[in-house]
Amino acid sequence: MSLKLFNTMTRQKEEFQPRESGKVAMYVCGPTTYNYFHAGNGRMFVVFDMIRRYFMYKGYDVRYIQNFTDVDDKIIQRGKVEEMDPLALGQKYIEEYFKDAKELNLLPATIHPKATEHIPEMIEIIQELVSNGLAYETDGDVYFAVDHFPNYGKLSGRTLEDMKAGARVEVDERKHHPMDFALWKKAKPEEPFWESPWGNGRPGWHIECTAMSLKYLGSGFDVHGGGEDLVFPHHENEIAQTEGYLKGQTFAHYWMHNAFLTINQEKMSKSLGNFFTIRELLAKFSGEVIRFYLLGTHYRSPLDFNDQNLVMAQKGLERLHTSIRLAQEALDREGSSSNEQIEAELFKAAKEAREAFEKAMDDDFNSALAYAALFELAKTMNGCVQENPAPSEALATAQKTLLELGGVLGIDLLHSVLVPAANDETLKQVMEVVLQIRSRSRQKKDWEMADFIRDALKDKGIVIEDTPQGARWQIRGN
Ligand code: AMP
Ligand code: ZN
C-alpha cells in the first residue's frame with residue numbers, strides 16, 4: 001500500500017516517493033537548549049519519532065537528523081539568569097533533553113548535530129550567498145536579500161507585498177528590505193563569538209539548519225519537519241538561503257508540520273509562560289502515558305492540554321496493557337485450545353487490525369485512527385480469552401500483533417510503565433535493598449522467601465522481572 005503524507009509546500013496529500021529507493025532522509029528542527037523542553041516541544045518530538053518508526057515499519061532505512069540550537073539570544077539571556085556561561089548552559093540542557101527523550105521512548109537520531117560545532121560550514125554557505133549577490137554585509141552583520149530570491153514565500157503562501165503590509169516590521173536602516181533576515185550577527189560585548197570574514201560574531205538561527213541538513217543529508221532530501229510555527233519565517237528562510245546556495249536545486253521534497261499543543265486554545269510556549277515541562281509531567285505520569293496521550297490526536301490537529309486528558313490516556317493504555325497480560329496468562333496455562341471458532345476469530349481480528357492500522361497510518365500517519373485498530377483487537381482478545389482461556393497459536397498471533405503495532409507507535413505494551421516510578425528516590429533506594437535481599441535468598445536457595453518477596457510486591461503493584469543483567473522492577477497500574 002502506498003503511503004501518503006501532507007506536504008505543506010503543495011498543501012495536499014501526496015504519495016511518498018523517496019529520493020533513493022528504500023531510504024528516507026529526514027531532518028527535524030530540534031530544540032533551543034535553554035530550558036527543559038515543554039510538552040508542546042514534546043509533541044513535536046514524539047510525532048516525528050512516530051513518523052520515523054512508521055517509515056521503518058514500511059521497510060525504509062531511515063536516516064534521521066535532529067539538531068540542537070545551542071547558541072542564540074535566549075540561551076545567552078538564560079545564562080545570565082543561571083549565572084552560567086551560555087555555551088555550558090546549552091550543553092547542560094542537551095543532557096537534560098536526552099533524559100526526557102528516553103522517558104518518552106524517542107529513538108536517538110542518527111546524528112544530533114549541534115549548531116556550535118558547524119560554524120565553519122555556515123560561514124562557507126554565507127560567503128557563497130554573498131558572492132552570488134543573495135546576501136550583503138552591513139557593519140559586521142550579514143543579511144539575506146529576500147527580494148533576490150524569486151520564490152520567497154512559496155512555503156507559507158505569502159508574498160513579499162503581503163508580508164510588508166501585514167506585519168509590523170520594525171524599520172532597520174541597515175536592511176535593504178524589511179523582511180531581510182540575519183545570516184550572521186556581529187558580536188556584542190560579553191557574548192560568545194566566532195571569527196568570520198565579517199569580523200567576530202555568531203550565526204543567525206536559520207542558517208544552522210541549512211548547513212547541518214546539507215552536510216548530513218545532501219540536497220533534495222525527503223522530509224523536513226517541525227512544528228507549524230516554523231513554517232514562517234524559519235523554514236521559509238531555510239528554503240530561500242538553501243535553494244539560493246544550491247542555485248535553484250530543491251532543498252527538501254516533503255515539508256511536514258505538526259499542529260500545536262495548546263492550553264485553553266492558546267499555543268503552549270515558553271515565551272507565553274503557559275507551559276508544563278515534560279520533566280514536571282513525569283512526576284505525575286509515566287513517559288509512556290504522556291507519549292500515548294500525544295499521539296492520540298492526528299498530528300495536524302491541535303491538541304488541548306489538561307490533566308484530565310492525560311488521565312484518560314492512562315486508562316486507554318491500561319486497557320491495552322490488560323489485554324496483553326490476560327492473553328499472557330492464558331498462554332502460560334497448561335494444554336492447548338481446541339476451540340476452532342475462537343481461534344478463527346482471533347486470526348481474523350489480528351489480520352484486520354493490521355490492515356486497519358496500516359490504512360490509518362498510510363493516510364498521513366493517522367495515529368489516532370490507528371489506536372482504534374489496537375483497541376478493536378484488544379477487545380476481541382479479551383472476549384476470546386474470557387470464553388476460552390487456553391493457549392493457542394491464534395492467541396499468540398493476536399498478542400504478537402498487538403505488541404508489534406503498539407511498538408510501531410513507540411508504545412511498549414509488554415513492559416508498559418503506567419505509573420511513574422523513576423522520580424521517587426526513596427522508593428528507588430528501598431527497592432534496591434529489597435532486590436538485594438531477594439538475590440541473597442536465591443543464592444541461599446531459599447526459593448520460598450524469594451517467591452514471597454516477588455508475590456508480595458506484585459500484590460502491591462510492583463512487578464519484578466529477572467533479566468540476564470539482574471532483577472528489574474516496575475510499577476504497574478493494574
Ligand atoms: P523551540 O525549542 O521553541 O525551538 O521548539 C522546538 C520544536 O517544538 C519546534 O519544532 C517547534 O515548532 C515545536 N513546538 C514549540 N511549541 C510547540 C507547541 N505548543 N506544540 C507543538 N509543537 C511545538
Ligand atoms: Zn531548522
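This briefing describes the overall build, a metal site, two helix contacts and some backbone features of one protein.

The structure is a predicted model, in which local features need pLDDT of at least 70, side-chain atom pairs count only at pLDDT 80 or more, and totals for chains, interfaces and linings use all residues. Residues are numbered from 1 along each chain as its sequence is written, chains are lettered from A and ligands numbered from 1 in the order in which they are written, and side-chain values use heavy atoms, with hydrogens and water left out.

**Overall build**

- The protein has 15 helices and 15 strands; helices (H or I, at least four residues) and strands (E, at least two) are DSSP runs, numbered from the N terminus.
- Its C-alpha atoms fill a box of roughly 80 × 50 × 40 Å, taken along the principal axes.
- Of the 478 residues, 53% count as buried; buried means under 20% relative accessible area, exposed over 50%, and partly exposed in between (1.4 Å probe, protein chains only).
- Contact means heavy atoms within 4.5 Å. Among contacts between residues at least 6 apart in sequence, 77% join residues at least 24 apart.

**The zinc site**

- The protein donors of the zinc ion (ligand 2) are Cys29 (SG), Cys209 (SG), His234 (NE2) and Glu238 (OE), at 2.0 to 2.4 Å from the ion. Donors are N, O and S atoms within 2.8 Å of the metal (3.2 Å for Na, K and Ca); water is not among the atoms, so sites may look incomplete.
- Along the chain, these donors follow the spacing C-x179-C-x24-H-x3-E. Cys209 in helix 6 (residues 205-217) and His234 in helix 7 (residues 231-245) are 25 residues apart, and this pair links distant parts of the chain.
- Cys209 is buried, with a relative accessible area of 0%, and His234 is buried, also at 0%.
- The 4 donor atoms subtend angles of 75 to 127°, so the arrangement is irregular. Four donors count as tetrahedral if all angles lie between 85 and 135 degrees; four count as square planar and six as octahedral if opposite donors are over 155 degrees apart and all others between 65 and 115; anything else is irregular.

**Helix contacts**

- Axes are lines fitted to C-alpha atoms, for helices over the stretch in contact, and angles run from 0 to 180 degrees between N-to-C directions. Angles under 35 degrees count as roughly parallel, over 145 as roughly antiparallel, 65 to 115 as roughly perpendicular and the rest as oblique.
- The axes of helix 1 (residues 39-57) and helix 13 (residues 393-408) come within 8 Å and cross at roughly 130°; the two helices are therefore oblique to each other. Met50, Arg53, Tyr54 and Tyr57 of helix 1 and Glu404, Leu405, Gly407 and Val408 of helix 13 make the contact.
- Helix 2 (residues 73-81) and helix 3 (residues 86-103) pack at about 100°, with their axes 8 Å apart, which makes helix 2 roughly perpendicular to helix 3. Here Ile75, Ile76, Arg78 and Gly79 in helix 2 meet Pro86, Leu89, Gly90 and Tyr93 in helix 3.

**Backbone features**

- Most residues other than glycine have a negative phi, and most peptide bonds are trans.
- Arg11, which is not a glycine, has a positive phi of about 60°. Arg11 lies in the loop between strand 1 (4-7) and strand 2 (12-15) and is partly exposed, at 43% relative accessible area.
- Lys445 has a positive phi near 60°. Lys445 sits in the loop between helix 14 (425-443) and helix 15 (447-459) and counts as exposed at 59%.
- The peptide bond from Phe232 to Pro233 is cis, with omega near 0°, and Pro233 is in helix 7.
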